[in-house]
Amino acid sequence: MAVFESRTPLNCSPEAAFDFISRPVNLQKIAPPEMGLVFVAAPEVVALGSRLTVKVQAYGQIQQLDYEIIEYESPVRFREKGIGGPMRLWLHDYIVEPTESGVLLVNKIEFEPPGGLVGLLITKDRILDHLEDGFEFRRQALKKVLG
């Protein structure tokens, strides 16, 4: 299993950070434009058991991905599990850690790349590179919005 982690220090309260990241419309706003992230179905605010469907532009194709919130502890963390899409496993933790000057927003993603012929093109290293690029954009966008 591969693991990716992004850490973003922000000058805001844990409640403000958690409120922002738990609203899918905000995640769409901080996604890189070339990703073409669009929520097809999502609640206004995620909660335990919420299901989300998104379309993204990845690896030259538009893909539809489905997720479910399988853990939720406001304003500390929630976990999203991929339940539809090419990955054999996708777990994304959104964690808000208080600091002296605000919070540290941690995004931890555990994944297993697709198998078969698709897995020859969408490798672990390629996915990690894609995540690093996307989360660098997200870090900068978050700092503009939340400090």
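How much area does the protein chain expose, and what percentage of it do carbon and sulfur atoms supply? Show the surface of the whole chain: about 7,800 Å² is exposed, with 53% supplied by carbon and sulfur atoms (accessible areas by the Shrake-Rupley method with a 1.4 Å probe, where for residues only the protein chains shown count as cover).

The model is predicted, so local features need pLDDT of at least 70 and side-chain atom pairs count only at pLDDT 80 or more, while totals for chains, interfaces and linings use all residues. Residues are numbered from 1 along each chain as its sequence is written, and side-chain values use heavy atoms, leaving out hydrogens and water.

Next, switch to a cartoon. The protein chain has 4 helices and 7 strands, in the order β-α-α-β-β-β-β-β-β-α-α from the N terminus (DSSP runs numbered from the N terminus: helices are H or I, at least four residues; strands are E, at least two).

Reduce the view to C-alpha atoms. They fill a box of roughly 45 × 30 × 25 Å along the principal axes.

Colour by accessibility: 43% of the 147 residues count as buried (under 20% relative accessible area; exposed is over 50%, partly exposed in between, with a 1.4 Å probe and protein chains only).

Now select Val-40, in strand β2 (residues 38–41). Val-40 counts as partly exposed because its relative accessibility is 49%. Leaving aside residues up to four places away in sequence, Val-40 touches Thr-53, Val-54 and Lys-55 (contact means heavy atoms within 4.5 Å). Finally, add Leu-65, 25 residues from Val-40 along the chain; their C-alpha atoms are separated by 9.6 Å.
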